[in-house]
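Hi everyone, thanks for making time for this. I'd like to walk you through a structure I've been looking at, so please have it open as I talk.

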Amino acid sequence: MKDLTHPLVWFYIPVTLTWICFCISVGNPAKFIDYDWLWLLFRSMSPYFWSALGVALAVGMSILGAAWGIFITGSSLVGAAIRVPRITSKNLISVIFCEATAIYGVIVAIILQTKIEYVQPVDGVWDRYAMLSGYAIFGSGVTCGFANLVCGMCVGIVGSSCALSDAQNSTLFVKILVVEIFGSALGLFGVIIGIIMSGAVTWSGAK
Amino acid sequence: MYGFEMMSFNIKDGFLESIVRGHRSGLLTVADYNNLSQCETLDDIKLNLTSTDYGAYLVNEASPIYTATIVEKCTQKLVNDWNYMRTQADEKLATFMDYCTYGHMIDNVVLIVTGTLHERDVQELLDKCHPLGMFDSIATLAVAQNMRELFRLVLVDTPLAPYFSENLTHEDLDEMNIEIMRNTLYKAYLDDFAAYCQSLGGATAEIMGDMLAFETDRRALNITLNSIGTELTREDRKKLYSNFGLLYPHGHNELAMAEDFDQIRSAMEKVPAYSGIFSKLGYGESQMLDKLLYEEEVKKCVDCFEQQFHYGVFYAYMKLREQEIRNVMWVSECVAQDQKGRIADGIVYLF
């Protein structure tokens, strides 16, 4: 197998498989896409499923990004510090910046999960406010999760370069730190939008 | 995929990449060379070098020190660094690092075979071999009488075997054949190395492609320079050029036809990358060419450290360290032979 970063692996094959499964399995085989069936499917899905998925993605993706960033930074930092031990304590800041993206995810996950309230479907049909809340929490979780995933990778890569350049020339540290701070701010955008989106949550329709 | 190695490179190779960058910062700078140039005796040189990365290797040497000892200790430093990294390396990088040392292996084989031809002592020859190019059965090279024996008895177990089997002849070993053997082996080696680097993809392919193209073009140039006035035919000469590089294929055709230095020059100047080198060279001075090519190589190696997440730094570090050892050797020889005025002529400054 070619490496995992090849577009064949992470784009073309999954998209083709998904499309084939979709065409085969959804509803009436006489129609290409059976919209009635799809409507029934999504209407019957519990909003608690979407809420739980949103919370899980918010924290899971953020931590994936943070962990990814930390190992990118960490492996370079450990190697560079063998020759120039003075860089270790300064460059822990890069690791902390990566860690921050995980904390964003945890914060948003906590905010989201406190918004979940108990409602019941009437005759098997969910109230439209409950549906709205489920999708709002899901969207908010996805926004925050993916923003923090890429933010963590970005900070990790910059942090790795920061460690290497600090080892060669200590005047570069502050300059690269500025880049890193801006990279770290990307995750905050996801957090802000996520919190705004979750403001729409009203499970029973009563504001 | 280009650019995506940023995310996955550090999984296996991040640690070693920063190690090799650490070693790079230990290379001698212009200031160090200025200090070395001020030395009056070899002991002064040793004293100056003890304040650098070479310190641990030179500090315990007894006082009447010789150039050979200094060079040996400096090489030891490179070899120790290299072996440390090689043992830590994960796959792909490990193969890459092995490829880097095959060049030394070819040189060692040629050295032993030539030495045996001149009836030198094997032990003495083994001491002269580059430690990076050693393999287990190298001492038995001396028994071989012709190329087929050389291959069947010794080289079949070494990584050089595939390069050899492509170019096997029944001819007995003599000066000319050995030199041709060296160059055919080198050609096969460089082709193989370049193909491996291309298969790695990304920044490694880009940077190593550039550096190996320079290496192979320099070899083509040297082959042409050395074969002028010998009985090597044009076709044979052309067979020794690698199948890539900036000169491939039109430049190679012209080089194969070249009969004197000016024709070589006009062939090389058609490549923009080399016209700069030749424009620094006055007409009729071919002696300076070697130094200019070394300077160009050093420049490429130093530039390659500007990019992160690729394997080229390992190759570049080896080349830079070797150039530094040549510099130290030149300075020591100049000091030992009381020719201090000529020190600046031979040094290729790294930074």
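Let me start with a pair of charged side chains: Lys73(B) makes a salt bridge to Glu61(B), with 3.5 Å between the closest N and O atoms. Lys73(B) sits in helix H5 of chain B, residues 67–88, while Glu61(B) is in the loop between helix H4 (55–58) and H5, so this contact ties together parts that are 12 residues apart in sequence. Glu61(B) is partly exposed, at a relative accessible area of 23%.

Before going on, a word on what you are looking at: this is a predicted model. Its scores are ipTM 0.86 and pTM 0.90. For chain B the mean pLDDT is 88, and 96% of the residues in that chain reach 70 or more. The usual reminder applies: where pLDDT is low, the predicted coordinates should not be read in detail.

Back to the charges. Over all chains, the count comes to 23 salt bridges. I picked a few to show you.

Move along chain B to Arg234(B) and Glu259(B), whose side chains meet in a salt bridge at 2.8 Å, N to O. Which parts of the chain does this pair link? Arg234(B) belongs to helix H12 (residues 234–239), and Glu259(B) lies in the loop between helix H13 (250–257) and helix H14 (261–269), so far along the chain that the two count as distant parts, 25 residues apart. As for accessibility, Arg234(B) is partly exposed at 34%, and Glu259(B) is partly exposed too, at 43%.

Now step into helix H14 itself. Arg265(B) and Glu269(B) both lie in that helix, four residues apart, or about one turn. Their side chains form a salt bridge as well, at 3.5 Å from N to O. Is Arg265(B) buried or exposed? Arg265(B) is buried, because its relative accessible area is 3% and the cut-off for buried is under 20%. Its partner Glu269(B), by contrast, is partly exposed, with 29%.

Those were pairs, but there is also a network. Salt bridges with shared partners join Arg83(A), Asp53(B), Lys77(B), Asp81(B), Arg321(B) and Glu324(B) into one group. Please note the chain letters as you click through them: Arg83 is from chain A, and the network also takes in residues of chain B, including Asp53(B) and Lys77(B).

Let's turn to the surface. On chain B, a patch of negative charge gathers Glu72(B), Asp121(B), Glu124(B) and Asp127(B). Take Asp121(B) as one of its members: you will find Asp121(B) in the loop between helix H6 (93–117) and helix H7 (122–128), and Asp121(B) is partly exposed, with a relative accessible area of 47%.

Chain A has a patch of another kind. Which residues form the nonpolar patch on the surface? They are Leu8(A), Trp10(A), Phe11(A), Tyr12(A), Ile13(A), Val15(A) and Leu17(A), and together they have about 690 Å² of accessible area. Ile13(A), for example, is in helix H1 of chain A, residues 7–25, and has a relative accessible area of 43%, which puts Ile13(A) among the partly exposed residues.

While you are on helix H1, look at Cys23(A), which is also placed there. Cys23(A) is partly exposed, at 27%. The C-alpha atoms of Cys23(A) and Asp34(A) are 9.7 Å apart, and the two residues are separated by 11 residues along the chain.

I'll finish with some backbone details in chain B. Where is the cis peptide bond? The bond joins Tyr248(B) and Pro249(B), with omega at about -5 degrees, and Pro249(B) lies in the loop between H12 and H13.

Then there are two residues with a positive phi that are not glycines. Lys92(B) has a phi of about 80 degrees and lies in the loop between H5 and H6. Phe309(B) has a phi of about 65 degrees and lies in the loop between helix H16 (288–304) and helix H17 (312–336). Their surroundings are worth a look side by side: Lys92(B) is partly exposed at 45% relative accessibility, whereas Phe309(B) counts as buried, at 3%.

That's my tour. Thanks for listening, and I'm happy to take questions.

Methods: Residues are numbered from 1 along each chain as its sequence is written. Chains are lettered from A and ligands numbered from 1 in the order in which they are written. Side-chain values use heavy atoms; hydrogens and water are left out. Patches are made of residues with over 30% relative accessible area and no salt bridge: like charges are joined within 9 Å, nonpolar side chains (Val, Leu, Ile, Met, Phe, Trp, Tyr) within 5 Å. Accessible areas come from the Shrake-Rupley method with a 1.4 Å probe; for residues, only the protein chains shown count as cover. A salt bridge is a side-chain nitrogen of Lys or Arg within 4 Å of a carboxyl oxygen of Asp or Glu. Lys and Arg count as positive and Asp and Glu as negative; His and the chain ends are not counted. The place of a charge is taken as NZ of Lys, CZ of Arg, CG of Asp or CD of Glu. Buried means under 20% relative accessible area, exposed over 50%, partly exposed in between (1.4 Å probe, protein chains only). pLDDT is the predictor's confidence in each residue, from 0 to 100.
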